[in-house]
Amino acid sequence: MSAKQDRNFDLFHRRFKQNVYATVKGRLRLEILWRDLQQAIPQLETGTPLQILDAGAGMGHFSRQLAEHGHHLLLCDISEKLLAEAQRNLSALPDSENIQFLQVPFQQLVDDYPAGFDLVLSHAVLEWLAEPQAGIRSLQQLIRPGGWLSLLFFNRNSLIYRHLLNGNFKKIRSGNLAGEGKYLTPDNPLSPQEVMQWLEEAGLEIISCSGIRTFVDFMHRDMRDKMAFEELLEMELRFSRQEPFRSLGRYLHVICRQP
Ligand SMILES: C[S@@+](CC[C@H](N)C(=O)[O-])C[C@H]1O[C@@H](n2cnc3c(N)ncnc32)[C@H](O)[C@@H]1O
């Protein structure tokens with residue numbers, strides 16, 4: 001039922017393609033996600049193939065990296081256009097027979113794949129769900145005992161800070177921080193404290209948390225454009241786990257383990 005109100009990205013198709021992964025921001029995101037997962041799950045680079053679900057996979061950018069390491073992937077999304085793009089991006093890979101695509105809400109997979117995956121990815125999806133806490137419970141049910149959840153979500157506090165810096169006090173006073181559909185500001189920006197509580201209530205053990213884009217979004221654009229990507233990455237990696245910088249990350253990446 002909730003899936004009806006979850007945000008289908010068919011409408012954002014073009015904007016998502018241009019604004020996310022064609023930019024420094026998208027590249028930083030992929031690098032930090034990868035660093036975090038490599039540290040938490042050594043089997044990603046060495047062991048036997050893992051069964052991985054990318055829940056809300058979009059165009060499959062991160063899945064591509066995992067597929068290149070020989071893992072078996074199921075990409076699911078409710079957006080026909082983004083999933084078709086993912087299929088185009090991944091079908092040329094050598095082991096593409098190990099990659100499946102399903103156009104369904106991930107919540108519906110629980111019946112067919114209970115505890116079915118070693119690793120479940122939910123990257124930048126939670127903040128687009130009508131019922132995010134129920135979404136976390138569904139994700140948890142899809143992970144096998146001892147398996148992992150890689151949860152990336154949009155940080156409401158970082159949005160408040162940006163509004164403060166821009167003098168958008170009216171927006172803050174209104175209490176409504178939801179996006180207005182024009183840009184990619186999510187429908188449901190999430191409070192980290194609340195998400196952490198939902199994870200604990202779902203019985204998941206939190207093993208790491210990183211901020212992604214802790215300072216890059218706040219830099220003066222001229223300065224940011226002058227810096228080499230490698231330099232920005234070095235600093236983002238360095239401060240991603242250090243408070244108070246981590247808590248300012250535009251996104252937070254939490255890795256959890258199913259007991
Ligand atoms: C911001 S995009 C992120 C895509 C991808 N995970 C990434 O990081 O590039 C959010 C995606 O979640 C999808 N989505 C939203 N609700 C969903 C649901 N209930 N089940 C599956 N996909 C969903 C949208 O269609 C969209 O493709």
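**Reading salt bridges, a ligand site and a surface patch**

Me: How many salt bridges does the count come to by this rule?

Reply: The count comes to 10 salt bridges, each one a side-chain nitrogen of Lys or Arg within 4 Å of a carboxyl oxygen of Asp or Glu. Side chains of opposite charge can pair when their charged atoms come close. Keep in mind that this is a predicted model, where local features need pLDDT of at least 70, side-chain atom pairs count only at pLDDT 80 or more, and totals for chains, interfaces and linings use all residues. Residues are numbered from 1 along each chain as its sequence is written, and side-chain values use heavy atoms, with hydrogens and water left out.

Me: Which parts does the pair of D118 and R144 tie together?

Reply: D118 and R144 form a salt bridge, with their closest N and O atoms 2.6 Å apart. D118 belongs to strand β4 (residues 117-123) and R144 to strand β5 (residues 143-154), so the pair ties together parts that are 26 residues apart in sequence. Strands here are DSSP runs of E, at least two residues long, and helices are runs of H or I of at least four, both numbered from the N terminus.

Me: Are D118 and R144 buried or exposed?

Reply: D118 is buried, at 13% relative accessible area, while R144 is partly exposed, at 26%. Buried means under 20%, exposed over 50%, and partly exposed in between (1.4 Å probe, protein chains only).

Me: Which residues are joined into one network by salt bridges that share partners?

Reply: Take R213 and D217 before that: their side chains meet in a salt bridge at 2.6 Å, N to O, and both residues are buried. As for the network, shared partners join R35, D36 and R241. Within it, D36 pairs with R35 at 2.8 Å between the closest N and O atoms.

Me: Which residues come nearest to the ligand?

Reply: Of the 23 residues around the ligand, Y21, R29, G56, D77 and H123 come nearest; a residue counts as near if one of its heavy atoms lies within 4 Å. A polar side-chain atom of R29 is 2.8 Å from a ligand oxygen, and one of D77 is 2.6 Å from a ligand oxygen. Taken alone the ligand exposes 590 Å², and the protein buries 97% of that, with areas from the Shrake-Rupley method and a 1.4 Å probe.

Me: Where is Y161 placed?

Reply: Y161 sits in helix α6 and is partly exposed, with a relative accessible area of 34%.

Notes:
A polar contact is a pair of N or O atoms within 3.5 Å; within protein, one must be able to donate a hydrogen and the other to accept it, and residues adjacent in sequence count only if both atoms are side-chain atoms.
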